[in-house]
Amino acid sequence: MRRIVLLLVASFPAAAATVRGPADVASLTAAAEAVLHARVVAQESGWGAGGESSGVIFTRVTLQPVEWGKGSGARATVVVRVPGGTVGELTQTVEGVAAFAPREEVVVFLRKLGDEPGAAVYAVERLALGKFSVGQAAGRPARAVRDRSHVACAGCAAGEEDDLLVGDLRERVRRAAGSAR
Amino acid sequence: MRLSAALAALFVALPASAYERARVNDSGPLLFWATRGHSFQIDSRGTTDLSAASAFEAVRRSFATWAAVSCSNLTFAEIAPAQTDRSVGYVPGATNRNLVLWRAQSCASTVPAGDPCVTQGGCSNKYDCWDYGSTAIATTTTTSNTATGEILDADIELNDSGFTFTTVDGPPCAPGGPQVGCVAYDVQNTVTHEAGHTLGLAHSTDQTATMYALAPIGETSKRALHPDDLEGICAIYPKGGPTSVSPGVTPPGSAPSGGCGTSGAPSWEALLAAAALVALRKNHRASATATAAKTTAHAG
């Protein structure tokens, strides 16, 4: 039976991969099968199918949807498969993948990988460029912020915004999803 | 007096260092190799875009560029190209090689629906496919000791299913245009950057650095290292000094003393600047807090 170990750390990626842009909200929305505003409710890392002999560690991030910006799901939770993670004394880092923290609120652009009992399984589109973290300072409107520091981008435009009001991001997704239909 | 005035002017004129070191889980121990450099093996299937000779020489030049840094003493022993098992990652107790390989097909178009690998861990090893989406060009998978940050394995994968790799010197290919006789995604440019990650460097905020995050089509400037890259690599693996590790981690044994030189492929001005900044930063770090982003524990 595949061994799953609870991930105790806040996040895992450390370095960077190279991704082809653009990665503005409209482009991401068009490329994604689902855009989801959600909260992280669980994370656990384990060896891939086949156990240690697979050589790969991955992390299952369970999201509780707040709102679907594109696509929809009847299920109460969505699972995002993220390459890398920590199992005991070994940590595997795959450059550039999106990092999630416990209880983090996020807006993620997702492509569907498949289904498993009780949940649809997704990956983040364009690695870390497909994830915004939602935060709110006291008395201020909520903002969605993206961390590009771990992803090299070829073809991203200089003006691509990484810090948006959540309402603005939601509206941009809605417009892009509408025009894509 | 005149020398100190010149050095002072040098420090004033130089920008602050921008390199970053990779850590376990982003905030854990700093990553490092216990050895100075690491072996690598190119999978002999190479890329469909180029002859094996051309592509493999570009990969070798990438590692040779890091090995040529004279204020460090890295070596990269090559295991002869062969048809490997094409499995990235790390299997405890097994022979693990630091592979460089191109994935010729995407997992999205290869893997049967319902295969457990889709939801459990990924399918790149099982189906020999690119599993990071159609827009990702290359990535490095590093396995390290969680408690110490010692790197145990590092594999570089390049996406041959969606990108054209080239080795010519120029001109840059026009975006969206034909990618023949011009630079599309330069192998040496890409692998030199990725090799920096295999050594424990993260992205730099210095836009001139090889470890800077942006890599436009047609770029070849990352084939060479720049002052910020030199400072970063020599801070981790200084010639004549112990490998820089996190506080509380025992540094691995270091090679015989040699001091920072100024020869090799990079310009002497760049190396002098890097050496001066490394020395300055070492002094600065002695009083810095243990949790500062680039603070490292030196045995000496």
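**Entry 1: a hairpin in chain B**

I started at the hairpin that S4 and S5 of chain B make, in a model that is predicted. Five residues sit between the two strands. In the turn I picked out Gly149(B), which has a positive phi of about 90°.

Next I looked up how the two strands pair. S4(B) and S5(B) are antiparallel, with seven bridges between them. For one facing pair I noted Ser144(B), which is opposite Ile151(B) in S5(B).

Is S5(B) mostly covered or mostly open? I found it mostly covered: the strand spans residues 151-159, and eight of its nine residues are buried.

S5(B) has another partner too. Strand S3 of chain B, residues 99-103, runs parallel to S5(B), and four bridges join them. Here I wrote down Val100(B), standing opposite Ile156(B) in S5(B).

**Entry 2: chain B as a whole**

I stepped back to count elements. Chain B has seven helices and seven strands. Reading from the N terminus, I get the order α-β-α-β-β-α-α-β-β-β-β-α-α-α.

How much of chain B is buried? I noted 51% of its 300 residues. I also checked how far apart in sequence the contacting residues are. Taking contacts in chain B between residues at least 6 apart in sequence, 68% join residues at least 24 apart.

**Entry 3: two helices packed together**

I went to H2(B), residues 52-67, and H5(B), residues 187-198. Their axes are 8 Å apart, and the helices pack at an angle of about 40°. Roughly parallel would need an angle under 35 degrees, and roughly perpendicular starts at 65. H2(B) and H5(B) therefore count as oblique to each other. I put the crossing down as right-handed.

Which residues make this contact? From H2(B) I listed Ala55(B), Ala58(B), Val59(B), Arg61(B), Ser62(B), Phe63(B), Thr65(B) and Trp66(B). From H5(B) I listed Val187(B), Gln188(B), Val191(B), Thr192(B) and Ala195(B). Sorted by type, the contact has eight nonpolar residues, four polar and one charged.

A reminder to myself about helices in general: an α-helix has 3.6 residues a turn, so residues three or four places apart point the same way.

**Entry 4: a helix that is covered up**

Then I tried H6(B), residues 227-236. Why is this helix described as largely enclosed by the rest of the structure? Because 10 of its 10 residues are buried. The charged-looking names caught my eye, so here is a partial list from the buried set: it includes Asp228(B), Asp229(B) and Glu231(B), along with Leu230(B) and Ile233(B).

**Entry 5: two loop residues**

I compared two residues in loops of chain B. Leu30(B) is in the loop between helix H1 (2-13) and strand S1 (40-43). Is Leu30(B) buried or exposed? I call it buried, because it has 25 C-beta neighbours inside 10 Å and the cut-off is 20 or more. I also looked for a residue far along the chain from Leu30(B). Val245(B) is 215 residues away in sequence, yet the two C-alpha atoms are separated by 6.0 Å.

The other one is Thr208(B), in the loop between H5 and H6 of chain B. Thr208(B) has 14 other C-beta atoms within 10 Å, so I put it down as partly exposed. Its C-alpha is 8.2 Å from that of Asp228(B), and the two are 20 residues apart in sequence. Asp228(B) is one of the buried residues of H6(B).

**Entry 6: where chain A meets chain B**

Last stop was the interface. How many residues of chain A are in contact with chain B? I wrote down 50, in contact with 47 residues of chain B. On chain A's side, S2, S5, S7, S8, S9 and S12 each supply at least two residues. S7(A) gives the largest share, five residues. By type, the chain A side divides into 24 nonpolar, 15 polar and 11 charged.

S7(A) also pairs across the chains: it is antiparallel to S4(B), residues 136-145, over five bridges. Val94(A) stands opposite Thr141(B) in S4(B). S4(B) is one strand of the hairpin I began with.

I finished on S12(A), residues 151-154. Val151(A) and Cys153(A) point one way, Ala152(A) and Ala154(A) point the other way, and all are buried. S2(A), residues 17-20, runs parallel to S12(A) with four bridges. In that pair, Val19(A) is opposite Cys153(A).

Key. Residues are numbered from 1 along each chain as its sequence is written. Chains are lettered from A and ligands numbered from 1 in the order in which they are written. This is a predicted model: local features need pLDDT of at least 70, side-chain atom pairs count only at pLDDT 80 or more; totals for chains, interfaces and linings use all residues. A residue is buried if 20 or more other C-beta atoms lie within 10 Å of its own, exposed if 12 or fewer, and partly exposed in between; C-beta atoms are placed from the backbone. Two strands pair if DSSP finds at least two bridges between them. Two residues are in contact if their C-beta atoms, placed from the backbone, lie within 7 Å. Ala, Val, Leu, Ile, Met, Phe, Trp, Tyr, Cys and Pro count as nonpolar, Asp, Glu, Lys and Arg as charged, and the others, Gly among them, as polar. Axes are lines fitted to C-alpha atoms, for helices over the stretch in contact, and angles run from 0 to 180 degrees between N-to-C directions. Angles under 35 degrees count as roughly parallel, over 145 as roughly antiparallel, 65 to 115 as roughly perpendicular and the rest as oblique. A crossing is left-handed if the near helix is turned anticlockwise from the far one by less than a right angle, and right-handed if clockwise.
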